[in-house]
Amino acid sequence: MVTLKEALLLPKQEQNALKAIIQNKAQQNIELNAYIDFSDDKYEGVPILIKDNINVKDWQITCASKILQGYIAPYNANVIERLRANGMSAFGRANMDEFAMGSTTESSCYGRTKNPKNSACVPGGSSGGSAAAVAGGLAIAALGSDTGGSIRQPAGYCGCVGLKPTYGRVSRYGLIAYSSSLDQIGPITQNVEDCAILFDMISGADKKDSTCANLKPSETFKKLDRERGFKIGVLRDFLKDASPTIAKAYEDTIKILEANGHEIIPKKMIDTSFHISTYYILCTAEASSNLARFDGIRFGHRIEGKNLKDVYINTRTNGFGNEVKNRILLGSFVLSSGYYDAYYLKAQKMRALIKQQYEEIFSDVDLILCPVAPNVAPKFRSSQSPLEMYLSDIYTIGANLAGLPAICLPVGESKEGLPIGMQLIGRAFEEQNILDAAFGLEYQLQ
């Protein structure tokens with residue numbers, strides 16, 4: 001598959017022809033199940049795959065849930081308008097975990113997506129369709145969303161590049177909310193250059209999103225510099241949660257960075273168990289509020305009942321999958337009378353402590369190097385408990401809680417041939433630093 005950088009240099013006629021090429025390749029590899037369908041916004045330009053929780057006018061948008069089937073988007077998300085303005089075209093809906101709640105892309109009502117490197121393994125989630133398509137050569141680039149690692153973790157599992165921008169750097173207008181204080185749209189691409197290009201195109205202020213920073217679109221691509229040196233903090237305490245394969249890859253990456261002129265500085269961070277508990281209290285609380293609108297009255301799917309209460313119960317029982325129900329119930333519990341102070345309020349205080357500790361670390365380093373997941377992509381396991389799935393997010397959720405930018409890139413493979421991803425985390429609104437460091441590391445690994 002041509003890279004995004006290469007595709008942008010093609011004549012318009014050849015750019016438009018890419019849609020048919022992509023659709024044919026995806027249909028030939030239909031078992032991967034990365035695409036829900038091949039919706040086309042009919043605009044000229046390089047085709048970009050869109051996660052099924054980002055509104056494209058006149059497309060069906062379902063968040064991979066039965067409860068939204070049949071719902072047609074009445075407007076474009078801000079990122080779609082920005083794609084069009086920059087010579088891009090939205091093409092295809094990417095499969096995902098239902099309402100972005102998951103780390104395996106198994107909870108989709110359209111069936112699970114498979115990892116292009118090994119079909120017996122999960123592609124990660126919740127942006128598993130986006131990452132699998134890019135890594136499998138079925139998309140030039142894609143947009144995903146990241147609430148607790150949903151761009152970076154599948155990019156790491158599948159072997160591509162994924163960027164979670166600083167919270168507020170990319171408009172969330174038109175993204176169906178899971179957890180409003182954590183969600184962020186970002187690019188999934190074949191390499192770091194493409195990541196910078198797509199990030200520059202979708203970033204910038206938006207008056208329709210009150211949480212969006214009042215900043216001009218970024219210009220990271222034209223400033224990319226792989227020769228820059230940085231002070232990079234390493235968190236070896238985190239390796240207690242990692243498999244030997246990931247721990248070795250982490251140490252090998254540190255050596256490469258050090259040999260390339262970066263200064264390595266050991267640091268310590270609040271234990272990942274606090275990250276996990278804080279994140280899952282806050283995100284489920286926000287989800288219970290955000291998903292209350294899906295009741296069978298205003299959007300999509302409806303199951304009739306004897307009265308209004310029955311309609312609500314029947315629709316939600318039939319429309320929501322088990323994982324979504326679990327998280328709504330958990331969120332409703334931590335917000336309920338008698339438990340708000342014990343759980344939700346404490347989680348907000350812990351979030352402030354986690355953010356404060358990141359600020360302390362960044363007082364004398366430029367970047368933090370961290371694994372993306374404690375292991376390579378696991379095989380599909382019907383017996384996997386929710387807790388096991390949640391623990392796969394231990395390294396990614398910190399950046400979301402603190403609102404920081406983070407990029408994942410592949411640094412090697414396991415003995416089974418599965419990709420190993422590492423992430424670089426930066427200070428707020430300093431995407432240039434993490435992209436430059438990732439660009440240099442990518443070059444050294446080639």
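Does N33 count as buried or exposed, and at what relative accessibility? N33 counts as buried because its relative accessibility is 19%, where buried means under 20% relative accessible area, exposed over 50% and partly exposed in between (1.4 Å probe, protein chains only).

This is a predicted model, in which local features need pLDDT of at least 70 and side-chain atom pairs count only at pLDDT 80 or more, while totals for chains, interfaces and linings use all residues. Residues are numbered from 1 along each chain as its sequence is written, and side-chain values use heavy atoms, with hydrogens and water left out.

**Backbone features**

Helices (H or I, at least four residues) and strands (E, at least two) are DSSP runs, numbered from the N terminus. The table lists residues with a positive phi.

| Residue | Phi | Place |
|---|---|---|
| N33 | near 60° | loop between α2 and β1 |
| K42 | about 70° | loop between β1 and β2 |
| G137 | about 75° | just after α4 |

Neither N33 nor K42 is a glycine. K42 counts as exposed because its relative accessibility is 68%. A cis peptide bond runs from G125 to S126, with omega near 5°; S126 belongs to the loop between β3 and α4.

**The sheet**

Eleven strands make up an open sheet with mixed pairing, in the order β1-β3-β2-β4-β6-β5-β10-β11-β9-β7-β8. Two strands pair if DSSP finds at least two bridges between them. The edges are held by β1 (35–40) and β8 (263–266); each has a single partner strand, so one side of each lacks a neighbour in the sheet. On average, neighbouring strands are turned by 30° against each other, direction ignored.

Within the sheet, β5 (residues 161–164) and β6 (residues 185–189) run antiparallel and are joined by two bridges. G162 has I188 in β6 as its bridge partner.

**Helices on the sheet**

Helix α2 (residues 12–28) lies across β1, β2 (46–51) and β3 (88–94), and runs at about 155° to β1. Axes are lines fitted to C-alpha atoms, for helices over the stretch in contact, and angles run from 0 to 180 degrees between N-to-C directions.

Helix α4 (residues 128–135) is mostly covered, with eight of its eight residues buried. Among them are G128, S130 and V134. The cover over the buried residues of α4 includes β1, β2, β3, β4 (142–145), α5 (152–158) and β6, contact meaning heavy atoms within 4.5 Å.

**A helix pair**

Helix α8 (residues 244–259) packs with helix α15 (residues 431–445) at an angle of about 100°, the axes being 10 Å apart. The two helices α8 and α15 are therefore roughly perpendicular to each other, a term for angles of 65 to 115 degrees. On the α8 side T253, I256 and L257 take part, and they meet L441, Q444 and L445 in α15. The residues of this contact between α8 and α15 divide into four nonpolar, two polar and no charged. Ala, Val, Leu, Ile, Met, Phe, Trp, Tyr, Cys and Pro count as nonpolar, Asp, Glu, Lys and Arg as charged, and the others, Gly among them, as polar.

**Q357**

Q357 sits in helix α12 (residues 340–361) and counts as buried because its relative accessibility is 19%. Apart from neighbours within four places in sequence, Q357 is in contact with K268, M269 and I270. The Q357 side chain reaches the backbone nitrogen of I270 at 2.8 Å and the backbone oxygen of K268 at 3.4 Å. A polar contact is a pair of N or O atoms within 3.5 Å; within protein, one must be able to donate a hydrogen and the other to accept it, and residues adjacent in sequence count only if both atoms are side-chain atoms.

Conventions:
Angles under 35 degrees count as roughly parallel, over 145 as roughly antiparallel, 65 to 115 as roughly perpendicular and the rest as oblique.
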